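This report looks at strand pairing and at contacts between charged side chains. Please keep the sequence and the structure in view while reading.

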Amino acid sequence: MKHPRFLIVSRPPRLGRQAGGTVWRLLGANNRHLGQSGETFRDAVACRAAIEEYQHRLDEGRATMCSTGQGGLWLWKLELDGRTVAGSARGYRRQRECQYNLARFLASARAASELTRTGAVAAAAQPGPVPAGGAG
């Protein structure tokens with residue numbers, strides 16, 4: 001079984017919008033998107049440093065939930081030092097679903113290991129172990 005993990009993703013710049021940057025996503029053991037960064041970072045190194053800080057300071061965070069005007073979906077966000085550092089990956093129809101998924105995010109963030117995009121590609125490209133009986 002896999003473990004929850006952070007995925008670091010580079011975003012390309014958009015025409016007429018913000019410059020590109022790097023963000024993180026928290027994936028559950030089943031690869032479900034549990035939450036995402038509320039900030040954009042200049043590179044993967046800054047993103048990794050922020051992940052480490054968040055993991056050490058989760059108990060200091062202030063979690064809030066709100067209902068959106070469009071469709072009444074519930075969203076959660078996590079703030080540290082007055083800035084939004086994480087948010088829900090999607091909206092939830094019921095407040096209790098939002099509460100449950102916030103709790104899952106917090107538990108998974110504490111337990112998560114880090115997986116960078118390049119690390120995943122490099123790991124996939126490496127050959128697996130040779131069977132005990134030989135290759136052939």
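## Salt bridges and strands

The structure holds 10 salt bridges. The model is predicted. Side chains of opposite charge can pair when their charged atoms come close. Three of the pairs are listed here with the N to O distance of each.

| Salt bridge | N to O distance |
|---|---|
| Asp59 and Arg110 | 2.7 Å |
| Lys77 and Glu79 | 3.3 Å |
| Arg83 and Asp81 | 3.9 Å |

Which parts of the chain does the pair of Asp59 and Arg110 tie together? Asp59 lies in the loop between α1 (44-57) and β4 (62-67), while Arg110 belongs to helix α2 (residues 95-111), so the salt bridge ties together parts that are 51 residues apart in sequence. Asp59 has a relative accessible area of 66% and is exposed. Arg110, at 45%, is partly exposed.

Is Glu79, the partner of Lys77, buried or exposed? Glu79 has a relative accessibility of 16%, and it counts as buried because the cut-off for buried is under 20%. Lys77 has a relative accessibility of 33% and counts as partly exposed.

In the pair of Arg83 and Asp81, Asp81 is exposed, with a relative accessible area of 59%. Arg83 is partly exposed, with a value of 29%. Both residues also belong to a network of salt bridges that links them with Glu39, Glu53, Arg57 and Glu60.

### Strand pairing

Strand β3 (residues 33-37) pairs with strand β2 (residues 21-27) through three bridges, and the two run antiparallel. One of the bridge partners is known by name: Arg25 is matched with Gln36 in β3. How many residues lie between β2 and β3 in their hairpin? There are five residues between the two strands, and Asn31 in the turn has a positive phi of about 70 degrees.

Strand β3 is also joined to strand β6 (residues 83-88) by three bridges, and this pair runs antiparallel. Here Ser37 stands opposite Ala86 in β6. In a regular strand the side chains alternate between the two faces of the sheet.

The two topics meet at β6, which covers residues 83-88, since Arg83 forms a salt bridge with Asp81.

Terms used:
Residues numbered from 1 in each chain as written. Predicted model: local features only at pLDDT ≥ 70, side-chain atom pairs only at ≥ 80, totals over all residues. Heavy atoms only, no water. Pairing = 2+ DSSP bridges. Helix = DSSP H or I, 4+ residues; strand = E, 2+ residues; numbered from the N terminus. Salt bridge = Lys/Arg side-chain N within 4 Å of Asp/Glu carboxyl O. Buried < 20%, exposed > 50% of the residue type's maximum accessible area, 1.4 Å probe, protein only.
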